[in-house]
Amino acid sequence: IEYSVTNVSNERDKSIGCMIRLIRKASQMTQSDLAEKLNISIQQVHKYEIGENSISALKLQDIADIFGCDVNIFYPKKQGEVRNIDFLIDGPFLKD
């Protein structure tokens with residue numbers, strides 16, 4: 001069995017990016033909206049979401065703060081764990 005740190009890191013980046021995209025869309029926020037709040041380019045948001053670029057811990061905390069969630073939501077406790085995003089139902093972006 002071959003083991004590559006790069007592949008593991010890339011899969012983690014993709015997983016985190018997928019979760020960011022899922023929460024962003026559930027929050028009815030565009031990539032442009034998120035980019036503006038983070039003071040980064042739309043292209044950078046896109047690269048985060050597809051796992052092309054790694055996200056710093058500080059930037060990930062900023063994203064969690066924007067969505068009103070704990071930063072741990074982006075990290076599953078174990079492989080294949082389903083993450084609960086019910087907080088979005090009562091979150092600041094979905095209230096009438």
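A residue is called exposed when its relative accessible area is over 50%, buried when that area is under 20%, and partly exposed in between. With that in hand, let us walk through this predicted model, beginning with helix α2.

**Helix α2 and its two sides**

Helix α2 spans residues 31-38. On one side of α2, E36 and K37 are exposed. Facing away from them are the buried residues of the helix, Q31, L34, A35 and L38. These four cover an arc of only 100° around the axis, so they sit on the same side of α2. D33 also belongs to α2, and its relative accessibility of 34% makes D33 partly exposed. The C-alpha atoms of D33 and V45 are 9.9 Å apart, with their positions 12 residues apart along the chain.

**The chain as a whole**

How far can the model be trusted? The mean pLDDT of the chain is 82, and 69% of the residues reach 70 or more. Over residues 1-5, however, the pLDDT is below 50, and this stretch has one contact in the model beyond near neighbours in sequence. Where pLDDT is low, the predicted coordinates should not be read in detail.

The secondary structure is simple to list: four helices and zero strands, in the order α-α-α-α along the sequence. The chain has 96 residues, of which 32% count as buried. About 6500 Å² is exposed by the chain, and carbon and sulfur atoms supply 49% of that area. Taking contacts between residues at least 6 apart in sequence, 57% join residues at least 24 apart.

**The nonpolar core**

Which residues have the most contacts inside the largest nonpolar core? They are I20, L34, L60, F67 and F74, in a core of 20 residues. Helices α1, α2, α3 (42-49) and α4 each supply at least two residues of this core. The biggest share comes from α4, which gives five residues. In soluble globular proteins, nonpolar side chains tend to be buried together.

L34 shows how the helices are linked through this core. Not counting residues up to four places away in sequence, L34 touches I20, R24, M29, V45, I66 and F67.

One of those partners, R24, deserves a closer look. R24 lies in helix α1, which runs over residues 5-26. Is R24 buried or exposed? Its relative accessible area is 5%, so R24 is buried, the cut-off being under 20%. Beyond its neighbours within four places in sequence, R24 is in contact with M29, T30, Q31, L34, E49 and F67. Both L34 and F67 in that list are also among the residues with the most contacts inside the core.

**Helix α4**

Helix α4 covers residues 57-67, and its buried residues are K59, L60, I63, A64, I66 and F67. Viewed down the axis of α4, these buried residues fall within an arc of 160°, so they line one face of the helix. On the other side of α4, A57 and L58 are exposed. Q61 is also found in α4, and a relative accessible area of 30% makes Q61 partly exposed. Although Q61 and V71 are 10 residues apart in sequence, their C-alpha atoms are 5.7 Å apart in space.

**Positive phi angles**

Three residues with positive phi are worth checking in the backbone. G68 follows α4, and N39 follows α2. Unlike a glycine, N39 takes its positive phi as another residue type, and Q28 likewise has a positive phi without being a glycine.

| Residue | Place | Phi |
|---|---|---|
| Q28 | loop between α1 and α2 | about 55° |
| N39 | loop between α2 and α3 | about 60° |
| G68 | after α4 | near 70° |

Where do the two loop residues stand in terms of exposure? Q28 has a relative accessible area of 64%, so Q28 is exposed. N39 also counts as exposed, with a relative accessibility of 69%.

Key. Residues numbered from 1 in each chain as written. Predicted model: local features only at pLDDT ≥ 70, side-chain atom pairs only at ≥ 80, totals over all residues. Heavy atoms only, no water. pLDDT = per-residue confidence, 0-100. Contact = heavy atoms within 4.5 Å. Buried < 20%, exposed > 50% of the residue type's maximum accessible area, 1.4 Å probe, protein only. Areas by Shrake-Rupley, 256 points an atom, 1.4 Å probe, with all protein chains shown as cover. Arc of directions from axis to C-beta. Core = buried A, V, L, I, M, F, W, Y, C linked by side-chain atoms within 4.5 Å.
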